[in-house]
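Q: Could you take a close look at one part for me, the cavity and the charged residues around there? I'm new to this, so please walk me through it.

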Amino acid sequence: MPVVEISYSRLQKLVGKASKKQISESLPFLGLDIESEDKDLVRVEYSPNRPDYSTDFGISLGLQGLLGIKSGSIKLKIKKSKNYKINVKPNVSKIRPFVTGIIAKNGKIDDKIIKQFMAMQEDLHFGIGRKRKKSSIGIHDLDKICFPLTYTTTNRNYKFVPLNSKTEQKISEILKNTEVGQDYGYVLGNSSQVPIIIDSNEDTVSFPPIINAEKTTVTTKTKNLFVEVTGINKEDAEDMLSVVATILQSAGFTLESVGITGAKNNTPKLEHRTLSVSPSLINDSLGLTLSNSVIVSSLKKSRLDASITGKNISCKIPPYRFDIFGPMDLVEEVALGYGVEKLTPQLSPSETLGVIHPVSSKLKSLSLTMVGLGYLEALNSSLTSKRILFEMTNRKPDNPISVLDSKSQEHTILRDSILPALLENLSRNIHSQYPQKLFETGTVFFKNNPIDEKTSFAAVWANQDSNFSEMKSILQAALKTGFDLQIETKTTTHETFEKGRTASILINGKTVGVIGEINSKTIENYKIRVPVTGFEISLSGLIFD
């Protein structure tokens, strides 16, 4: 989680009528965890989905609402200007197609503000920007730039003086020799063409998403800023811009628009959006009986605009609050505005004590017995493949249950046996020391309406002296110790087991499984290097219903 260091005294000036104690006690209710305090300084951890909290300007806006000093949403006041334009060339469309920007004028910048702007910039890169891959931001000294600008591409031999340098460098050199180039050069891939922003004097402004030009460096003497955002997704780029615009306006800058034209780009609107929520959803979720007017007031304290529209509450969401997706997010905002400290926890009207399910208790007992016998418990997925379940074990598919829209191209069916997965485990550990002893209890599935789910118990023993008699004694010990069950065996055949060394497992005259030595063809399929014996029995109807 990102962390920002802020000053209590500075926050007090920004917030207004609030004491240090009020601010300290209110920070956690904004979702800010206090990491440490040192006299006037406090380090707070904030959620990446609230990048507006990456500066004290953003935090002060939230505190003003929570403390009742100001309410309602922050409205961006952007003056329309014809003086600032960016022309986008079609050649960027396959590399980094979108650009947007804004002008911020007449602000005061000191070292602390520069430090916070840099931290905000990197937090935006890491969060919304996905390490600059989806979008990235550049903040420049406006007075060093001649408009209109051109957003285009150039080759890797192009030269300019990058930030924190005094000499011209080729783009290929910047990517190879600078820390930022090494960290983020992968975003551009192997393309011979890279994006570049140049001004009307053909001076370089930015090489996105890597580095700005030294010429446009922001200092304490800077009064006017140009902010540009480039990306592969227009919405993400404008989300990032909305955060920066809100912070800059809160820092005292006046905003002016930047006209964007060409190659599917246009001037950003940065408008509020409307979302409705039912009062009953809010009250049912929070366990309260708030009136509509209290709900509206609570939303306004969370710096949202709200009004009663028929039976619902209509909210206007400012553009920088892209963390709000649906009605449940508004429920959370009501809780914050109303006061989380006012919510009283209540015990469920039906108080019960949790206990271990009898089935879980029996399976745990069986597992402990097997561990005591020297076996290691495996935990394989119920979702498997035809190759593992049937082809490798020489079994014929018998109504396999396929899963629709599986995220895996191979694992598309539900298992009807545990044993194949245990053999797969052995095949993946052929370089490990022998003997290898594995067992698993788990669910297997059979076609029916609805699907039958049963619990199976299987084990394998891989070693040079692995044999039927020893495996049978292990199974007998496991069932006798925990459940006082006696097994019998009767010669049978099975595709996976060696002919003449395979038996059905019977309990009280009923066949419940199979045991034997795995045949040579199966062992060869799995590329296992030693003999293997194994068994599998159904526990359903045996030790539980």
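A: Let's start with a word we'll need: a residue is called buried when its relative accessible area is under 20%, exposed when it is over 50%, and partly exposed in between. Keep in mind that this is a predicted model.

Now for the cavity. Searching the whole structure turns up one cavity of 30 Å³ or more, and its volume is about 40 Å³. Its lining is made up of Phe-98, Val-99, Thr-100, Lys-234, Ala-237, Glu-238, Asn-265 and Asn-266. Strand S6 (98-105), helix H7 (234-250) and strand S17 (265-266) are the elements that each give two or more residues to that lining. Sorted by class, you get three nonpolar, three polar and two charged residues.

Let's zoom in on Lys-234 and Glu-238, which both help line the cavity. They form a salt bridge with each other, and their closest N and O atoms sit 2.6 Å apart. Both belong to helix H7, and because they are four residues apart there, about one helical turn separates them. Remember the cut-off? Glu-238 has 17% relative accessibility, so it counts as buried. Lys-234 comes in at 25%, so this one counts as partly exposed.

That pair has company: the count for the structure comes to 19 salt bridges. Another one joins the side chains of Arg-321 and Glu-333, at 2.8 Å from N to O. Arg-321 lies in the loop between strand S20 (312-317) and helix H10 (327-338), while Glu-333 is in helix H10, so the pair ties together parts 12 residues apart in sequence. Arg-321 is buried at 1% relative accessibility, and Glu-333 is buried too, at 6%.

Note on methods:
Residues numbered from 1 in each chain as written. Predicted model: local features only at pLDDT ≥ 70, side-chain atom pairs only at ≥ 80, totals over all residues. Heavy atoms only, no water. 1 Å grid on protein atoms, 1.4 Å probe; cavity = no way out; pocket = protein on both sides within 12 Å on 5 of 7 lines; lining within 4 Å. Points joined across faces, edges and corners; volume = space filled by probe spheres on them. Nonpolar A, V, L, I, M, F, W, Y, C, P; charged D, E, K, R; others polar. Salt bridge = Lys/Arg side-chain N within 4 Å of Asp/Glu carboxyl O. Buried < 20%, exposed > 50% of the residue type's maximum accessible area, 1.4 Å probe, protein only.
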